[in-house]
Every structure is written in C-alpha cells, then in structure tokens.
Protein chains: 2
Amino acid sequence: MRQAAWVARCVGRGSVPHLSPSDLELLAAELSTVRFSRGDVVFVAGQMSTAVWVVRSGSIGLFAGAGADRVILSILRPGDLDGDVSMLLNMAQPYSAEALEDSICHRLDNELFVKMFGQHPELARRWLTAVASRLATSQQRLVDLLGVPLAQQVARVILDEAVDDELPYSQATVAALLGARRPSVNKVISDLQRRGLIDVGYRSIKVIDAAALVAQAGRQTAART
Amino acid sequence: MRQAAWVARCVGRGSVPHLSPSDLELLAAELSTVRFSRGDVVFVAGQMSTAVWVVRSGSIGLFAGAGADRVILSILRPGDLDGDVSMLLNMAQPYSAEALEDSICHRLDNELFVKMFGQHPELARRWLTAVASRLATSQQRLVDLLGVPLAQQVARVILDEAVDDELPYSQATVAALLGARRPSVNKVISDLQRRGLIDVGYRSIKVIDAAALVAQAGRQTAART
DNA sequence: TCACGAGTGTCAGGTCGCTGACAAAGTCGG
DNA sequence: CCGACTTTGTCAGCGACCTGACACTCGTGA
C-alpha cells in the first residue's frame, strides 16, 4: 500500500498530486518488490519488455555494448523508471540493466501499467513529464561528452552523478559512463585528488571542493550563435 | 486545414488515428507556417520556449555549445517536433535550432498545444510515443558515439541521417554531429570515397554501397552480458 | 561573368587517450 | 585471519585525433 503511494509520488519527480485510495489498491495488487545485489541483472538487452521497473533504493546501470566496449547509458536512482519506453514503442530492450549497488525495485506488469495510466489522465501527464525529463538528461549527456577533453568529462560526471557529494562506484564504472578506459580515467582522478578537489577511496569518490570541480568541468553557461 | 491534419498525422510517427473535424478547425486557427532559409535561426538557447515547432519540410539542426565546440544534438526532419520538452519541464531551451536546409515549419503557441492535448487523450498518447521515440534515439546516439573510433562514427552517422541514400550537409556539419573536427572527418570521408562506399560532392554525401558501409559501421547486433 | 564566400582536400607537428601489462592495496567469505 | 578476488595506481609505447594552416574548387549574388 505504502509502496503504491510512493510510486505515484515518484513518477514525474517533484510533482505532488496523489492517487486516490482506489488507485492505491489497484496498484498494490500487482506491484511486486524485488531486491538486487550489486552486479545482479534486472533485464537483458534484446528481450521484449514485459514489465516496467521503478527504482526504490540503490542504483541501476543501463549498459549497452559488450566486453571492454560496454558503456553505461544512464544510471537510474530512486524514483526513476524504465522499461516503459521499449514497451510503448513495442521494441526489444536496447540495453541491459544491472544493479550498481544493492538495490530495491518495484515491478509493474505492462498491462497494469497501461491500464493505470489510461484511466488516470493526471498520472499520464506526470508520466509524460518523466519521459521528457529523461530525454533532456540524455541530450545533456551528449553535450557533456561530445568533443570535450576527458579531464572535463570526468569532472562533469562526478558532479552529475554524485549523491550527497559521494559517488559509490568503481573507477571502471566511471570509465564506462564516459566510453573511456579505466587507466585514462584513473589518471584524471589521481590528478583531481592530488589537487584536493576530490577524495578517492575503494569504490568511492567524494567531492571535496565542488566549486573547483565546476571550474574544472568548464561547462558553457550559455550557447551563443 | 490540410496543415492541421498533417500535424496530427505526424505527431507519433506511424500511427494512424485522425483528428475530428472540430479538432482541425481548432488547430488551424492558431497554426502558423514559417519558412526558413538555410542558416536561419528558429530559436536560441537560453530563451524560454513560447511555442512548439513541427517540421514540415527540410531539416533543422539542434545546436549546443559555441564557436568551434558547437555540437549538433539532433537533426529534425519532416514530422519531428521540438520545443515541447522545455515547455513541459518549464525550462529554458537547452539548445539553439537552425535550418540546415531551406525548411518549412509550423508553429503552435504553447497554450494551444497544451489545450489541444489536454482535450484529446488519444492525441496525448501519440505525443507520449513521440517523446519516447526521441529518447530512444538520443540513447542510441550515445551508444553510437561513446568509445567508438571516428571511422565507425562517420559510417554510422551517414547511415542514420541519409535520406534516399543522400546526406545534403557539409562535412563541417557531419563533424559537428560527432563532436569531431572537420579535417579528421574529411580524412575518413576521403577514405570511404576512395574505397567506393560513398560519393562526395559539394555539400553532399551519397551512399553507394550501403552494405559495405554497414560493415564499416560495425555495430554490435546484440549486447551480451 | 566575376568576385567573394563557403566548402573541400591536405599536411606537419603535437598531444591526448588507448593498449596491455603489472604491482600493490582493499574487501570479503570461509 | 587467510586466500581469492576486486579495485586502484602506474607505466612505456603507440596510434588516433586535433591544431592551425593553406591551396583549391564550387556556388551564388551583384
């Protein structure tokens, strides 16, 4: 029950509208909760999606490619959902999903998801907002990576992905986020540590001097013609 | 009138549902048509979006960054729409839009757009599909660019953006699509031409041997764990 | 039809990031 | 508390891509 309310809150972050008690019952009936340990696979690329996932805690990485060229498209955090797009477009999952930390997710069967959002326009609107927000994020990622030296890419990804000024991922994970190689990323990270901008631990990066990191990231504030 | 029907067809490509005659009247009342010459600016990054644009003909490039680091996030083609995301998220335009060819666009004021889609659920659903489709495309672009050698990136972009086996853009534009520099891209293109895969002209690339280009692009067919 | 701007072709030199490898340090289950 | 595994730190060599430049060709508008 409480889970259903939480899902309703999270779809379309920041918005406030609630579900009615009857909605909650409807949701809770089909809503299942699944725990994943770090490294567990949530779904695999190439399969048709049968359910929509909502992250409750932890973080889930979306992986594309294989072997050394495996790349992380995005990291899902609590409140994020996935599987809806490939369901909507009736396509196979274009990426695999894997827990980057011990995580808890909710699973909604496709049919239920569609029914729910078909019946409740204001919920559908928040869904639309959620998808739009992911699109904006994905495009921002393109801007952050295209034609930018690795030192800046690393700074940007640290700033973007850090929660409470901490990044609980291995440097190999950071490299996969950038489509770069671990030794190259390590060189940048070591340099940032020596300069006192971050603190590096085992599978952990902590932000010490956020302002300096922002300078390092060197984002354009405005894009002039 | 005919314009309004066209917009209804295009939102959410491939779907067939029509608007009712009254919808058409409603749309046509506020729908304006604007012509752009190559190089004309449609909207500028940093501004709040006041309207949603639908491309009727030609192509519109979405640019981020400034000067030599200007990068193309996406190329809008007939049927594509833009401006809706930043309206929905109530944010400033994160990129500028500029005509890459002589183009014709339709403009819908935000208010009308919201009203239309609020009143017509099946239209709203196709809008959702359109946004989801753009998200999938944006993510595919990340996969196509991250950690991939330039020779493959160029082949992929030619295959993806070509219409009728032709790409009517300058090599500088192709370079901006990749976040790479023109001389580097030119080297790859010259090589492809020498090998007979493409034909290069003034502001034009034609695909000759699509199969060989696909091989050159070297995309992973499936992503294994 | 001529001049100018836009686009293409090319190059030498420099730098950045990759390759492949190895040692050292941290973590965790048994 | 030990051994296996994961993660970090580092390096030399190399290749890919960038920098900045210049000549040449193609359109286009006066």
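Modeller: In this predicted model, a residue is taken as near a molecule or strand when its C-beta atom, placed from the backbone, lies within 6 Å of that partner.

Biologist: With that cut-off, which residues come nearest to DNA strand D?

Modeller: There are 17 residues around DNA strand D, and they include residues of chain A and of chain B. Those that come nearest are A:Ser170, A:Gln171, B:Leu150, B:Ser184 and B:Tyr202.

Biologist: Which element gives the most to the surface near DNA strand D?

Modeller: At least two residues each are supplied by α7 (171–178) and α8 (182–194) of chain A, and likewise by α8 (182–194) of chain B. By class, this surface has ten nonpolar, five polar and two charged residues. The element that gives the most, with four residues, is α8(A).

Biologist: Turning to the other strand, which residues are closest to DNA strand C?

Modeller: DNA strand C is surrounded by 18 residues, and chain A as well as chain B is represented among the closest of them. These closest residues are A:Leu150, A:Ala180, A:Ser184, A:Tyr202 and B:Gln171.

Biologist: From which element does the largest share of the surface near DNA strand C come?

Modeller: The elements that give two or more residues here are α6 and α8 of chain A, together with α7 (171–178) and α8 of chain B. The surface near DNA strand C divides by class into eleven nonpolar, five polar and two charged residues. Its largest share, four residues, comes from α8(B).

Biologist: What kind of axis relates chain A to chain B?

Modeller: Chain A is superposed on chain B by a rotation of 180 degrees, with 0.0 Å of shift along the rotation axis and an RMSD of 0.0 Å. The two copies are therefore related as by a two-fold rotation axis.

Biologist: In chain A, which residue has the C-alpha nearest the axis?

Modeller: The axis in question belongs to the rotation of 180 degrees that superposes chain A on chain B. In chain A, the C-alpha nearest that axis lies 2.4 Å from it and is that of A:Leu135.

Biologist: Why can one say that the copies meet through the same surface?

Modeller: The contact between the copies takes 42 residues from chain A and 43 residues from chain B. The copies meet through the same surface because the share of the interface residues of chain A that are also interface residues in chain B is 100%.

Biologist: Which element gives the most to the side of chain A that touches chain B?

Modeller: The contact takes 42 residues from chain A, and the elements that give two or more residues to this side are β5 (71–76), α3 (84–88) and α5 (121–145) of chain A. By class, the side of chain A that touches chain B has 26 nonpolar, twelve polar and four charged residues. With 17 residues, the element that gives the most is α5(A).

Biologist: Within chain A, how are α6(A) and α9(A) oriented to each other?

Modeller: The axes of helix α6 (residues 150–161) and helix α9 (residues 210–217) of chain A come within 8 Å and cross at roughly 135 degrees, in a left-handed crossing. Residues that meet there include A:Ala151, A:Gln152 and A:Ala155 in α6(A), and A:Leu213 and A:Val214 in α9(A). This contact divides into seven nonpolar, two polar and one charged residues. The two helices, α6(A) and α9(A), are therefore oblique.

Biologist: In chain B, how is α6(B) placed with respect to α9(B)?

Modeller: Helix α6 (residues 150–161) and helix α9 (residues 210–217) of chain B pack at an angle of about 135 degrees, with their axes 8 Å apart. The crossing of α6(B) past α9(B) is left-handed, and by class the contact has seven nonpolar, two polar and one charged residues. At the angle of about 135 degrees, α6(B) is therefore to be described, relative to α9(B), as oblique.

Biologist: And how does α7(B) stand to α8(B)?

Modeller: These helices, α7(B) and α8(B), pack with their axes 9 Å apart and at an angle of about 105 degrees. Among the residues in contact are B:Gln171, B:Ala172 and B:Val174 of α7(B), and B:Arg182 and B:Val185 of α8(B). The contact comprises six nonpolar, two polar and one charged residues. Angles of 65 to 115 degrees count as roughly perpendicular, so α7(B) is, with respect to α8(B), roughly perpendicular.

Definitions and conventions: Residues numbered from 1 in each chain as written. Chains lettered and ligands numbered in written order. Predicted model: local features only at pLDDT ≥ 70, side-chain atom pairs only at ≥ 80, totals over all residues. Nonpolar A, V, L, I, M, F, W, Y, C, P; charged D, E, K, R; others polar. Least-squares fit on C-alpha atoms with pLDDT ≥ 70 in both. Contact = placed C-beta atoms within 7 Å. Axes fitted to C-alpha atoms, helices over the stretch in contact; angles between N-to-C directions. Parallel < 35°, antiparallel > 145°, perpendicular 65-115°, else oblique. Left-handed = near helix turned anticlockwise from the far one by under 90°.
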